[in-house]
Amino acid sequence: MGWPGKKFANPLILGIFADDFAFLSQNYEYMSLLVVGTVAFDSIETPFGKAERIIGGSGTFISLAASYFAPSVNLVAVVGEDFPPEKIEMFKAHGIQTEGLQIKEGENSFFWAGKYHLDLNTRDTLATELNVLADFDPVIPASYQNADFLLLGNLVPKIQQTVIERLQQRPKLIMMDTMNFWISSALDELRAVLKMVDLLSVNDEEARQLTGEYSLVKAAKAILKMGPRYVIIKKGEHGAMLFYEDQIFYAPALPLEDVFDPTGAGDTFAGGFMGYLAQSGDISFENMKRAIIYGSALASFCVEKFGTEALEYLLPSTIENRVSEFVDLVQFEIQLD
Ligand code: AMP
C-alpha cells in the first residue's frame, strides 16, 4: 500500500503545517479535478438525533473530501441566495475553486430531507425540493477547462451530460454517481450519460434497481454493458466493490463504534477516491484499489458526525492513521502450497 506521500493538498492544513509541506512547491503534479453536484440544505433524522437545514449536497461532500488530496478542485454547482456566504468561504479555505458556483438571487437552494432506519444502512427520503436545480445551466468557467478528472456527483442526469458536452477536452477519467431518485424519474437520460462515462458508482440497492439483477456480480456485469468500463458498488457499512473486466476488488468499511449520520458517505467516498487518483495521476486498476481505501477512510470520518462537520477539519496524520487501520483490518497471511 503506497501512502499518498505527504501530498495532502488542503490549504487549511498547509497553513498550519507550512514547513512540512514545503516540498509541494518542488515536485507537485498539477492534476485538476472538476466536480459537479448539488450544494444543498439537508434535514436529517437518525436514531441518534436530528439536524435541520445543515449544509450538504453531493458537490459539497465530494469537494471537501477531494480537497484533502487533489491539487486543484473546481466546483460547478448552483445555490440560492439563502446559502450562507461563510460556507462558501469554508470551501475556499479548503482550496476549492468556486468560480463555477452560481448564486441565484431570490431563489432557494436545493433541499433534501431524509430519515434513517435503525440499521443506518437504509433511509427514506422525506423531501426533495429541486428549487434552483430545476433550471440549472452548468456553466464551465474557462479556468476549469482541460480538467484531468471529472466527477459527476449525484445530480439531474441531463445536467451531468451537458457538463461532459461542454468540456473542450475529454478528461483522463470520468466518474459518475447517481441515486434511486434519478433511476426512477429519469432513466432514459441516465442511460444516455452512462454511455459517456468511464466509471459508475452506485450503492447495492441502486445497482439492483438499475439492472433488475439481485446478484451484485450480475448487476455489475449488466452495468459494464451499459457503457462504463469500471463499476463501484457501495454497500454502506459492508464496504465497497470495484469491478473491471473480469476482476473484482473488495474493500471493507471500517467497523466503527459510533455512526451518527451516514448522509454524504457515498459522496465522500467518491471525492476521496477521485481526489486520490487526481493526486497520483495514475488510473491503473492497482491504483484504483488504493484510491478505494482512501475513499473508504474519508467516508468513515464523515459518518462519525452530522453533515459535513467531520470533513471540515481533518489532519494528514488523522487520515494516515485511519488508512493504516484499514490495512491492519484486512492484512493476513496464508501459505498456499
Ligand atoms: P449520499 O448519502 O452519499 O447518498 O448523499 C446525500 C446527499 O445527497 C445529501 O447531502 C443530499 O443533499 C444529496 N441529495 C439527495 N437527493 C439528491 C438528488 N436527488 N440529487 C442530487 N443530490 C441529492
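Helices are taken here as DSSP runs of H or I with at least four residues, numbered from the N terminus. In the predicted model, Gly 212 is located in the loop that joins helix 7 (204-211) to helix 8 (216-226). Gly 212 counts as exposed because its relative accessibility is 66%, the cut-off for this class being over 50%. Ten residues further along the chain lies Ala 222, and the C-alpha atoms of Gly 212 and Ala 222 are 9.3 Å apart.

The interior was examined next. The largest nonpolar core comprises 63 residues, and the most contacts inside it are made by Leu 33, Ile 232, Phe 273 and Met 274. Helix 10 (residues 285-302) supplies the largest share of this core, namely eleven residues. Apart from this core lies another, of 49 residues, which includes Val 78, Phe 136, Ile 183 and Ala 186.

Within the 63-residue core, the surroundings of Ile 232 can be described in detail. When residues up to four places away in sequence are not counted, Ile 232 touches Met 175, the run Leu 199, Leu 200, Ser 201 and Val 202, the residues Ala 240, Met 241 and Leu 242, and also Phe 269, Phe 273 and Ile 292.

Helix 9 (residues 265-280) contains 16 residues. The distance from its first C-alpha to its last is 22 Å, close to the 22 Å expected at 1.5 Å a residue. Helix 9 is mostly covered, with 14 of its 16 residues buried. Gly 281 follows helix 9 and has a positive phi, near 70°.

Key
Residues numbered from 1 in each chain as written. Predicted model: local features only at pLDDT ≥ 70, side-chain atom pairs only at ≥ 80, totals over all residues. Heavy atoms only, no water. Core = buried A, V, L, I, M, F, W, Y, C linked by side-chain atoms within 4.5 Å. Buried < 20%, exposed > 50% of the residue type's maximum accessible area, 1.4 Å probe, protein only. Helix = DSSP H or I, 4+ residues; strand = E, 2+ residues; numbered from the N terminus. Contact = heavy atoms within 4.5 Å. Expected span 1.5 Å × (residues − 1).
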